[in-house]
Amino acid sequence: MSAGDKKMRVLIVDDEELARFVVRELVETHPEMEVVAECINGFEAVKAVAEHKPDLLFLDVQMPKLTGFDVLELIGTEIPVIFVTAYDEFAMKAFEVHAVDYLLKPVGKERFEAALERAKERIAAKIPVPAEILAAARQPGQFAERIVVRDGTRVTLIPCSKLDYAESQDDYVALASEGKKHLKQQTIASLEASLDPALFVRIHRSYLVNLERVVRIEPYGKDSRMAILATGARLPVSKTGYARLKALLDERG
Amino acid sequence: MAKETLPRKLPQIVFRILWLPMGGALFFLLNTVGGMKALDSAVVAWPLCLFGQFMLVAAKYSCKSSPIERTNPGRLLATHMIASQIIAVLWYSLARTIVYMVSFGPQLKGLDERFSGRGPIVYVAGTVSYLLAVAYYYVIFARENAMKAEARVLETTMLARDAELKALKAQLNPHFLFNSLNSISALTSIDPGRARDMCVLLGDFLRTTLRVGEHPVIPFSEELGLLERFLSIEKVRFGTRLRTEEAIEEEARMCLLPPLLLQPLIENAVARGIANLPEGGTVRIEARCSNGRMFITIENTFDPDALPRKGNGMGLRNVRERLEARYGKEASLRVTNDGEKFEATVTLPAETEVAR
């Protein structure tokens with residue numbers, strides 16, 4: 001990403017044609033920028049980001065299937081993003097402080113230029129958005145109802161009710177759902193924080209389990225136990241993990 | 001509130017001192033008709049009325065169990081005749097007990113003999129007292145009912161007002177406005193003519209919305225016009241993704257309904273249905289009348305995997321509250337979902353003539 005004579009490559013994502021047009025027209029007033037692609041949904045956006053490696057993303061929030069937040073989570077934090085939304089400012093304030101800017105529809109020239117300036121500064125300074133902060137800001141005070149996973153350019157949506165368990169693997173978590181395992185770049189702690197604690201329990205340093213999948217607990221060796229899931233999977237349960245599990249089960253009665 | 005406490009408590013206060021005049025009347029009867037001595041009459045009359053009045057409370061329950069406006073006259077008469085005879089017998093027994101207990105006093109010796117033969121007077125007094133109590137309770141109940149009815153009317157109007165206000169607020173959905181303005185802004189350079197058309201459509205829609213809000217009910221044809229305008233505006237935004245269908249019976253067009261009743265439903269259909277489908281979908285409006293009832297259905301395709309959005313159900317609750325406020329149990333909103341199609345059906349009385 002060398003600065004100077006090279007043009008700044010922009011990707012526009014919005015499911016509404018007219019909304020894309022407004023952004024494109026504003027971008028085109030800048031000769032140093034070029035629109036490399038327009039995407040009409042989140043899946044296309046994830047693909048286009050991998051393909052075109054744009055310098056800047058204009059991203060609509062309310063889109064079918066994958067929202068703008070989902071896309072941001074999937075493409076990581078390398079590329080600066082400017083959200084474009086008709087939603088109220090309050091919902092978007094959280095992102096502003098994390099250096100991801102937003103534009104409100106109808107989009108005006110002045111606000112557009114300001115957001116662009118900030119994005120350029122960020123590109124020059126190469127400030128990445130801390131991933132953990134993004135995950136936390138995604139749905140304040142609300143637990144995720146599904147998990148988005150990207151495998152190359154393929155995107156999978158896993159509803160939380162279909163997640164059996166998650167296993168920590170270095171910087172990744174392996175998500176077991178419907179007989180398959182999906183790898184996602186996320187720590188198990190941040191995944192745990194995004195899920196409903198009444199449903200998902202950390203039974204071990206490396207394991208997070210869906211309570212409704214646990215069939216029984218068996219003793220295993222001295223001091224430790226095994227959780228047997230409905231799928232047949234056997235997961236280790238640590239001492240503290242067992243205490244957590246027991247507390248939750250008692251609560252449920 | 002303070003104004004209400006006195007009239008509400010008054011009946012109880014009256015009841016508590018009523019035994020004094022009652023005793024006076026009985027004293028008079030025993031003294032003149034019965035020919036008893038003044039002292040003899042007094043020691044029977046007032047204690048009897050003091051204790052006997054508690055028996056009259058029974059009238060409260062017999063009145064409650066046979067409300068005057070909903071019980072047939074024969075039954076009403078029978079109930080109170082039987083009850084009054086029971087009370088009369090009880091009064092008589094009470095009188096005998098009192099006589100028996102006081103007839104040992106120095107001046108009262110032989111009272112039981114002097115009292116014998118005056119039984120019928122006590123008996124009649126008991127009967128009459130009971131019947132007076134019945135009349136009294138019926139008056140009290142009628143008054144309470146009137147007060148309750150008044151409160152209910154007030155509550156209904158307030159609920160209706162509230163619902164109207166909410167409907168108007170929901171009507172001016174800011175996201176709808178912002179998105180429409182963004183579309184217009186795009187059209188100004190692509191196609192200025194269409195931009196102007198869109199401005200006119202939006203202006204028209206807003207003006208009509210404000211105007212119909214002033215009426216308690218409007219013909220369905222007007223409501224339909226608003227829905228169509230709304231869909232035309234959204235079609236500019238969604239392009240070919242938003243498809244619409246209509247099946248309207250001629251008879252239904254004349255029927256009356258509260259204005260903007262269907263607006264939350266059509267907004268849901270677009271925002272929660274079509275907007276979540278990459279390929280778009282269809283919104284269908286159906287209206288028909290049969291057997292004096294009107295049925296309006298708004299149906300849309302939707303993505304079963306879509307996340308439930310914040311504020312889901314707010315619009316539906318608004319529609320339900322408004323129906324309840326105006327029609328009570330006579331109207332309903334039924335929502336069905338077969339995994340692909342979402343259907344909201346409003347059922348209400350098919351009225352065509354109501355003072356507007």
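Q: What makes Gly42(A) and Leu66(A) contacts of Val71(A)?
A: Two residues are in contact if their C-beta atoms, placed from the backbone, lie within 7 Å. Leaving aside neighbours within four places in sequence, Val71(A) meets this criterion with Val13(A), Gly42(A), Ala45(A), Val46(A), Leu59(A) and Leu66(A). The model is a predicted one, in which local features need pLDDT of at least 70 and side-chain atom pairs count only at pLDDT 80 or more, while totals for chains, interfaces and linings use all residues. Residues are numbered from 1 along each chain as its sequence is written, with chains lettered from A and ligands numbered from 1 in the order in which they are written.

Q: Why is Val71(A) called a member of a nonpolar core?
A: A nonpolar core is a set of buried Ala, Val, Leu, Ile, Met, Phe, Trp, Tyr and Cys residues joined through C-beta atoms within 7 Å. A residue is buried if 20 or more other C-beta atoms lie within 10 Å of its own. Val71(A) belongs to the largest such core, of 106 residues, and is among the members that touch the most others. Helix 10 of chain B supplies the largest share of this core, eight residues. A second, separate core of 31 residues includes Leu56(B) and Ala125(B).

Q: How many residues of each chain take part in the contact between chains A and B?
A: By the contact criterion, 21 residues of chain B touch 19 residues of chain A. Helix 8 of chain B (helices are DSSP runs of H or I, at least four residues, numbered from the N terminus) gives the largest share of chain B's side, 11 residues.

Definitions and conventions. Helix = DSSP H or I, 4+ residues; strand = E, 2+ residues; numbered from the N terminus. Buried ≥ 20, exposed ≤ 12 C-beta atoms within 10 Å, placed from the backbone.
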